[in-house]
Amino acid sequence: MADIELNLTEKQQRALQEIAFRTGKTEGELIHDAVDTIIKQRLPSGRSGMVEARGIWKDRDDLPDFGALRREWERF
């Protein structure tokens, strides 16, 4: 596990302590939960945006024939 330094404002630290007290979790556990939540929101299924975007144009019929365009660029 990697160690990361985290600087919080006093307000953030107090809120984190309060939530830890109310939930019975440690501050570290809460921070891990928060990071996991961000990762799930930003990288659904743990995949990169490129992987998630795969196939988004597959049903479009207004696009040029990319194979033909690439063949035009080939040099002999």
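This short talk goes through the helices of a predicted model and then its largest pocket.

Because this is a prediction, local features need pLDDT of at least 70 and side-chain atom pairs count only at pLDDT 80 or more, while totals for chains, interfaces and linings use all residues. Residues are numbered from 1 along each chain as its sequence is written, and side-chain values use heavy atoms, with hydrogens and water left out.

The protein has four helices and zero strands, where helices (H or I, at least four residues) and strands (E, at least two) are DSSP runs numbered from the N terminus. Of its 76 residues, 4% count as buried, meaning under 20% relative accessible area with a 1.4 Å probe and protein chains only.

Helix 1, residues 10–23, packs against helix 2, residues 27–42, at an angle of about 100°, with the axes 9 Å apart; the axes are lines fitted to C-alpha atoms over the stretch in contact, and angles run from 0 to 180 degrees between N-to-C directions. The two helices are therefore roughly perpendicular, a term for angles of 65 to 115 degrees. In their contact (heavy atoms within 4.5 Å), helix 1 supplies Leu16, Gln17, Ile19, Ala20 and Thr23, and helix 2 supplies Glu27, Leu30 and Ile31.

The largest pocket holds about 430 Å³ of space; on a 1 Å grid over the protein atoms alone, a pocket is an open set of points where a 1.4 Å probe fits, with protein on both sides within 12 Å along at least five of seven lines, and lining residues have an atom within 4 Å of a point. Helix 2 gives the most to that lining, with seven residues.

Key: Angles under 35 degrees count as roughly parallel, over 145 as roughly antiparallel, 65 to 115 as roughly perpendicular and the rest as oblique. Grid points are joined across faces, edges and corners, and a volume is the space filled by probe spheres set on the points. Buried means under 20% relative accessible area, exposed over 50%, partly exposed in between (1.4 Å probe, protein chains only).
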